[in-house]
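Got the viewer open? Let's take a short walk through this one, stop by stop.

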Amino acid sequence: MVETKRLISVVLAGLLLLTAQAAPGFAEGRFQQGWRFAPPPGMTVTDQRPRHALALQGNPYVNPAYLRQVVTYPTGERSGTIVVDTTAHFLYFVLGDGRALRYGIGVARDGFEWNGTHRVTRKAEWPTWTPPAEMRQRQPELPAQMAGGPDNPLGARALYLGSTLYRIHGTNQPWTIGQNVSSGCIRMTNQDVTDLYGRVQLNTKVVVL
């Protein structure tokens, strides 16, 4: 029994060392920007106290830097405006008086970046996803259409931007928040996009930087 406990301790120490190397900052109790929230092979992440040596305690969903919060945000935009900072991976809902509600987002990958000013022309709950023809050419395995639901890439809510193909929408891959991963759309966690959806009106101004 003693030898078994000693062996488990050695294995755990080795795994924690590998984890610290794979995800710098984890051993210090924090996540570094750039870690994609996936544990090392063979490990699982739990937000509860680990029950065995192959579990790590942490947040498998969103880097704390991208959690929803009110921040100081001086801007000339009116309250109710959405400002998307694609470089910093933040979306700001302007509150006025130099403050904004800030959300973490996932943005376009290399070659799909864009910027401009549009208006919210449509809102949808658990939206149906119809991949554009150009996307299906790149990924022939995609369906012609997918009904809304937990497995739908658009997530729980979507805000459609003008006459473009772009949307601010939820995601069933929350670990991609803070990353450059999309074909141009702005991704939010389902919890955050649901919160934003309730605050935004049709014709809301959206500025993408």
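Before selecting anything: what share of the contacts with a separation of 6 or more comes from residues 24 or more positions apart? They account for 58%, a contact being heavy atoms within 4.5 Å. Keep in mind that this is a predicted model, where local features need pLDDT of at least 70, side-chain atom pairs count only at pLDDT 80 or more, and totals for chains, interfaces and linings use all residues. Numbering starts from 1 along each chain as its sequence is written, and side-chain values use heavy atoms, leaving out hydrogens and water.

Now colour by secondary structure: you get three helices and 13 strands (DSSP runs numbered from the N terminus; helices are H or I, at least four residues, strands E, at least two). Nine strands make an open, mixed sheet, ordered β3-β6-β5-β4-β13-β8-β9-β10-β12; strands pair if DSSP finds at least two bridges between them. Select β3 (69-72) and β12 (186-187): these are the edges, each with a single partner strand, so one side of each has no neighbour in the sheet. At the β12 end, β10 (residues 167-169) runs parallel to β12, joined by two bridges, and Ile168 has Ile186 as its bridge partner.

Next, show Tyr66 and Phe90. Their ring centres are 5.6 Å apart with planes at 55°, so the pair is tilted (rings of Phe, Tyr and Trp, its six-membered ring, pair with centres within 6.5 Å; planes under 30 degrees apart are stacked, over 60 edge-to-face, the rest tilted). Both are buried, meaning under 20% relative accessible area with a 1.4 Å probe, protein chains only. Add Tyr73 and Tyr92 to see the one aromatic cluster these four form.

Conventions
Buried < 20%, exposed > 50% of the residue type's maximum accessible area, 1.4 Å probe, protein only.
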